[in-house]
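Work through the exercises below with the sequence and the coordinates at hand. Each task is followed by its solution in steps.

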Amino acid sequence: MTTYQGSCHCGAVTYDITADFTEGMKCNCSHCKRKGFLLAFVPESSFVLKSGQDEQTTYHFNKKHIDHQFCNTCGVQAFARGHDGNGNYMIAINLNCLEGFDATTLTITEFDGASI
Ligand SMILES: [Zn+2]
């Protein structure tokens, strides 16, 4: 397992995530498409928010199941909070926000969120 540092653009929001990422998910829903997310889902236990808890705005839409949190200063959404299908608390990592991470090695999954 590798620990990566994630952050928004201005650096107000920072976190550590420990995982071995082999897959990334692209979703075509109205929200993911606009933000250009490349996502991976991890258990909360592997995620540590280091700064910026109070410097984010939470955005909800559709079923409001996911807390989309973006930086108040630079607007970048480096992660989201939500639950998987079994009710487990999960973190959605925006892989584009990880320092020194090479996303070209990932297997990309296309998720048809637009049809949900
Ligand atoms: Zn920021």
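A nonpolar core is a set of buried Ala, Val, Leu, Ile, Met, Phe, Trp, Tyr and Cys residues joined through side-chain atoms within 4.5 Å. The model used here is predicted.

**Exercise 1.** Describe the largest nonpolar core and the strands that supply it.

Solution. Step 1: the largest nonpolar core has 22 residues. Those with the most contacts inside this core are Tyr15, Ile17, Phe21, Ile93, Leu95 and Leu98. Step 2: at least two residues of the core come from each of β2 (14-19), β4 (39-43) and β9 (89-94). Step 3: β2 gives the largest share, three residues.

Apart from this core lies another one, of eight residues, including Cys27, Cys32, Leu39 and Ala80.

**Exercise 2.** List what leucine 98 touches, leaving out residues up to four places away in sequence.

Solution. The contacts of leucine 98 are Tyr4, Gln5, Gly6, Tyr15, Ile17, Phe21 and Ile93.

**Exercise 3.** Determine the donors and the geometry of the zinc site.

Solution. Step 1: the SG atoms of Cys8, Cys10, Cys71 and Cys74 coordinate the zinc ion at 2.3 to 2.4 Å. Step 2: along the chain, these donors follow the spacing C-x1-C-x60-C-x2-C. Step 3: four donors count as tetrahedral if all angles lie between 85 and 135 degrees. The angles among the four donor atoms are 105 to 119°, and the site is tetrahedral.

**Exercise 4.** Are cysteine 71 and cysteine 74 buried or partly exposed?

Solution. Step 1: buried means under 20% relative accessible area. Step 2: cysteine 71 has 1% relative accessibility and therefore counts as buried. Step 3: cysteine 74 has 28% relative accessibility, so cysteine 74 counts as partly exposed.

Technical notes. Residues are numbered from 1 along each chain as its sequence is written. This is a predicted model: local features need pLDDT of at least 70, side-chain atom pairs count only at pLDDT 80 or more; totals for chains, interfaces and linings use all residues. Side-chain values use heavy atoms; hydrogens and water are left out. Donors are N, O and S atoms within 2.8 Å of the metal (3.2 Å for Na, K and Ca); water is not among the atoms, so sites may look incomplete. Four donors count as tetrahedral if all angles lie between 85 and 135 degrees; four count as square planar and six as octahedral if opposite donors are over 155 degrees apart and all others between 65 and 115; anything else is irregular. Buried means under 20% relative accessible area, exposed over 50%, partly exposed in between (1.4 Å probe, protein chains only). Helices (H or I, at least four residues) and strands (E, at least two) are DSSP runs, numbered from the N terminus. Contact means heavy atoms within 4.5 Å.
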